[in-house]
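Here are a few exercises to work through with the model open beside you. Try each one before reading its solution.

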Amino acid sequence: MTARERFEALFGHKKCILGMLHLKGETDEEILERAKREIDIYMRQGLSAVIVENYFKQEETKYAEKVLRYLQSFRRDVTYGVNMLEHDREGFEAANAYDAKFIQLDSVAGHLYPQEDVDFGRTLENWRANTRALVFGGVRFKYQPYHSGRSLKEDLALGMVRSDAIVVTGEGTGMETSIDKVKQFRELMGEFPLIVGAGMTPENAGERLRVADGAIVGSYFKDNYKDNGDVDEDHVRRFMEAVERDVME
């Protein structure tokens, strides 16, 4: 199967909207209960999938695993993926253990010096050979360095070998991904799946999703429109209504 066929087998032909679970909280119980509430909201509002990310607990993976275990055991109706920040290997292990359908990696090309990149490429190839989960990989991703010395075209070409979809962002969390950057990636990538990974709002979703195949949304869904807020169902509803109105008619 081609990357496009694998992507559409998972999400269908509609634009996919992936909701972030940032795992905010101080205790195991608080983190899990908040994640359950957020999953319920996302599913009620028709999101395509959720991403379990150790955003507030980057030093550990156990909290993300607890949420993944809950999804595996009790929410088989939900499509879910995982992003283990700073713990890529553990992300693949968790996807395999808890039946996650996809793994997000913040960078798959461009972020390493040439020799480091060779080693990373071999490791990533081995990880991918031992999982059924799709890989959604960033190129020129927020907060990631640029050390490859290659052109964007070259890094995207390599990224498309190393992943099943490319994720594009602007400069930071909650910051708009420029439409020019989205169009540039599309032009260089052809029909390879493209996901906008930051700064999505009801006002800009239509323009970007007419070019890209999906979006990851986190900050806009929060009550304060920031990563440290709580998911607000009205914000989720407003966003999904805009997508339905501006993209999916």
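A pocket, for our purposes, is an open set of points on a 1 Å grid with protein on both sides within 12 Å along at least five of seven lines. Keep in mind that this is a predicted model.

**Exercise 1. Describe the second largest pocket: its volume, its lining and the classes of its lining residues.**

Start with the volume: the second largest pocket holds about 220 Å³ of space. Next, pick out the lining, which consists of Leu-10, Ala-95, Asn-96, Asp-99, Ala-100, Lys-101, Thr-131, Arg-132, Ala-133 and Leu-134. Finally, sort that lining by class: five residues are nonpolar, two are polar and three are charged.

**Exercise 2. Now do the largest pocket, and find which strand gives the most to its lining.**

The volume here is about 700 Å³. Of the 34 lining residues, the closest to the centre are Asn-83, Leu-85, Asp-106, Phe-141 and Lys-142. Turn to the strands: strand 4 (102-109) and strand 8 (214-217) each bring at least two residues to the lining. Strand 4 gives the most, with four residues. By class, you should get 14 nonpolar, 15 polar and five charged residues.

**Exercise 3. Check the length of helix 2 against its residue count, then work out what its buried side packs against.**

Take the length first. Helix 2 covers residues 28-44, which is 17 residues, and at 1.5 Å a residue it should span 24 Å. Its end C-alpha atoms are 24 Å apart, so the two figures agree.

Now list the buried residues of helix 2: Ile-31, Leu-32, Arg-34, Ala-35, Glu-38, Ile-39, Ile-41 and Tyr-42. Look at the spacing with this in mind: an α-helix has 3.6 residues a turn, so residues three or four places apart point the same way. What covers the buried residues of helix 2 includes strand 1 (16-21), strand 2 (49-53), helix 3 (62-74) and helix 9 (233-246). Just past the end of helix 2, note Gly-46, with a positive phi of about 85°.

**Exercise 4. How many cavities of 30 Å³ or more are there in the whole structure, and what lines the largest?**

A search of the whole structure turns up one cavity of that size. The largest cavity has about 40 Å³ of space. Around it sit Leu-21, His-22, Leu-23, Lys-24, Ile-31, Arg-34, Ala-35 and Glu-38. Helix 2 supplies the largest share of this lining, four residues. Class by class, the cavity lining has four nonpolar residues, one polar and three charged.

**Exercise 5. Is Arg-186 buried or exposed, and which backbone oxygens does its side chain reach?**

Place it first: Arg-186 is in helix 7 (residues 179-189). Its relative accessibility is 14%, so Arg-186 counts as buried. Follow the side chain of Arg-186 and you arrive at the backbone oxygen of Gly-190 at 2.6 Å, and at that of Phe-192 at 2.8 Å. Leaving aside neighbours within four places in sequence, the contacts of Arg-186 include Arg-4, Leu-194 and Asp-213.

**Exercise 6. Which side chains make polar contacts with the side chain of Glu-176?**

Glu-176 lies in the loop between strand 6 (165-168) and helix 7. With 48% relative accessibility, Glu-176 counts as partly exposed. Its side chain makes a polar contact with the side chain of Asn-204 at 3.0 Å, and another with that of Arg-208 at 3.2 Å.

Conventions:
Residues are numbered from 1 along each chain as its sequence is written. This is a predicted model: local features need pLDDT of at least 70, side-chain atom pairs count only at pLDDT 80 or more; totals for chains, interfaces and linings use all residues. Side-chain values use heavy atoms; hydrogens and water are left out. The expected span of a helix is 1.5 Å times one less than its number of residues. Buried means under 20% relative accessible area, exposed over 50%, partly exposed in between (1.4 Å probe, protein chains only). Contact means heavy atoms within 4.5 Å. On a 1 Å grid over the protein atoms alone, a cavity is a set of points where a 1.4 Å probe fits but cannot get out, and a pocket is an open set with protein on both sides within 12 Å along at least five of seven lines; lining residues have an atom within 4 Å of a point. Grid points are joined across faces, edges and corners, and a volume is the space filled by probe spheres set on the points. Ala, Val, Leu, Ile, Met, Phe, Trp, Tyr, Cys and Pro count as nonpolar, Asp, Glu, Lys and Arg as charged, and the others, Gly among them, as polar. A polar contact is a pair of N or O atoms within 3.5 Å; within protein, one must be able to donate a hydrogen and the other to accept it, and residues adjacent in sequence count only if both atoms are side-chain atoms.
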